[in-house]
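Welcome! Here is a friendly walk through one protein chain, taken step by step. Have a look at the picture, and then read on.

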Amino acid sequence: MLPGVCQQPFCLFLPFSIYTIANTAMASSGQLHVDFELKSPAEKVWGTIRDSTTIFPQALSHDYKSIQVLEGDGKAPGSVRLINYAEGSPIVKVSKERIESVDEAEKKYVYSIIDGDLLKYYKTFIGKIIVVPKGESSLVKWSCEFEKASEEIPDPSVIKEFAVKNFKEIDDYLHGKA
């Protein structure tokens, strides 16, 4: 646990990111993985990820105030987006992210955080989402590689939990629209 840091999943932000900060201490690296099934078809889940700039603030307004495109089209590699988090997030208020890669055929998405509060805790954090068709539903594979800013920093399991929570809420949102 980080002293004085909210440990609730809503205190964090989208989990599939790279964080970079100055190397201030000897750090440890690690990986986290989680696979989970959603009721929605893979095409709908993938479409929501690709349109998250618009959909996340609408569907998850309790977590996201807004997502603005600062560079590029907000979908292509190299695009930069500014995420403003909702008031329920006392630690992370703003983060700037860059889309690193997108593979439409494999439904794979990688992006990095290039500015924001969590950069105090993780020197690097590389996240990846893969959406796999599974009949009429889908399997979401979320993973990250990270390097802590110091040994005292916990593994980012809260970010993993936040990712699962967000995708389950998106699944409910997609079913509510059907």
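Before we begin, one term: a contact means that heavy atoms lie within 4.5 Å of each other. Please also keep in mind that this is a predicted model.

**The overall plan**

The protein chain holds 3 helices and 7 strands. Read from the N terminus, its elements follow the order β-α-α-β-β-β-β-β-β-α. The chain has 178 residues, and 47% of them count as buried. Among contacts between residues at least 6 apart in sequence, 63% join residues at least 24 apart.

**A helix under cover**

Let us start with helix α2, which spans residues 52-59. Of its 8 residues, 6 are buried, so α2 is described as mostly covered. Those buried residues are Ser52, Thr53, Ile55, Phe56, Pro57 and Ala59. What covers them? The cover includes α1, β2 (64-71), β3 (80-85) and α3 (157-177).

Helix α1 (residues 42-50) deserves a second look. Its axis comes within 6 Å of the axis of α2, and the two cross at roughly 95 degrees. Angles from 65 to 115 degrees count as roughly perpendicular, and α1 and α2 are therefore roughly perpendicular to each other. On the α1 side, the contact is made by Thr48, Ile49 and Arg50, while α2 contributes Ser52, Ile55 and Phe56. By character, the residues of this contact divide into 3 nonpolar, 2 polar and 1 charged.

**Aromatic rings**

Phe56, one of the α2 residues in that contact, also belongs to an aromatic cluster together with Tyr64, Tyr85 and Phe162. In the whole structure, a search finds 7 aromatic pairs. Tyrosine 122 and phenylalanine 146 form an edge-to-face aromatic pair, with 6.2 Å from centre to centre and 80 degrees between the planes. This pair links distant parts of the chain: tyrosine 122 sits in strand β6 (residues 122-134) and phenylalanine 146 in strand β7 (residues 137-148), 24 residues apart.

Are these two rings' residues buried or exposed? Residues under 20% relative accessible area count as buried. Tyrosine 122 has 5% relative accessibility and so counts as buried. Phenylalanine 146 is buried too, with a relative accessible area of 4%.

**Serine 95 and histidine 33**

Tyrosine 85, a member of the aromatic cluster, has a polar contact through its side chain with the side chain of serine 95. Serine 95 is found in strand β4 (residues 94-103). Its relative accessibility is 2%, so serine 95 counts as buried.

Histidine 33 lies in strand β1 (residues 29-38). Leaving aside residues up to four places away in sequence, histidine 33 touches Trp142, Ser143 and Lys160. Lysine 160 is a nice example of how the fold brings partners together: histidine 33 and lysine 160 are 127 residues apart in sequence and 7.8 Å apart in space, C-alpha to C-alpha. The side chain of histidine 33 also has a polar contact with the side chain of glutamine 31.

Here are the two polar contacts side by side:

| Side chain | Partner side chain | Polar contact |
|---|---|---|
| Serine 95 | Tyrosine 85 | 2.9 Å |
| Histidine 33 | Glutamine 31 | 3.2 Å |

**A last look back**

Where should a newcomer turn to in the picture? One place is α2, with 6 of its 8 residues buried. Another is the pair of tyrosine 122 and phenylalanine 146, which connects strands β6 and β7.

Terms used. Residues are numbered from 1 along each chain as its sequence is written. This is a predicted model: local features need pLDDT of at least 70, side-chain atom pairs count only at pLDDT 80 or more; totals for chains, interfaces and linings use all residues. Side-chain values use heavy atoms; hydrogens and water are left out. Axes are lines fitted to C-alpha atoms, for helices over the stretch in contact, and angles run from 0 to 180 degrees between N-to-C directions. Helices (H or I, at least four residues) and strands (E, at least two) are DSSP runs, numbered from the N terminus. Angles under 35 degrees count as roughly parallel, over 145 as roughly antiparallel, 65 to 115 as roughly perpendicular and the rest as oblique. Ala, Val, Leu, Ile, Met, Phe, Trp, Tyr, Cys and Pro count as nonpolar, Asp, Glu, Lys and Arg as charged, and the others, Gly among them, as polar. A polar contact is a pair of N or O atoms within 3.5 Å; within protein, one must be able to donate a hydrogen and the other to accept it, and residues adjacent in sequence count only if both atoms are side-chain atoms. Rings of Phe, Tyr and Trp (its six-membered ring) pair if their centres lie within 6.5 Å; planes under 30 degrees apart count as stacked, over 60 as edge-to-face and the rest as tilted. Buried means under 20% relative accessible area, exposed over 50%, partly exposed in between (1.4 Å probe, protein chains only).
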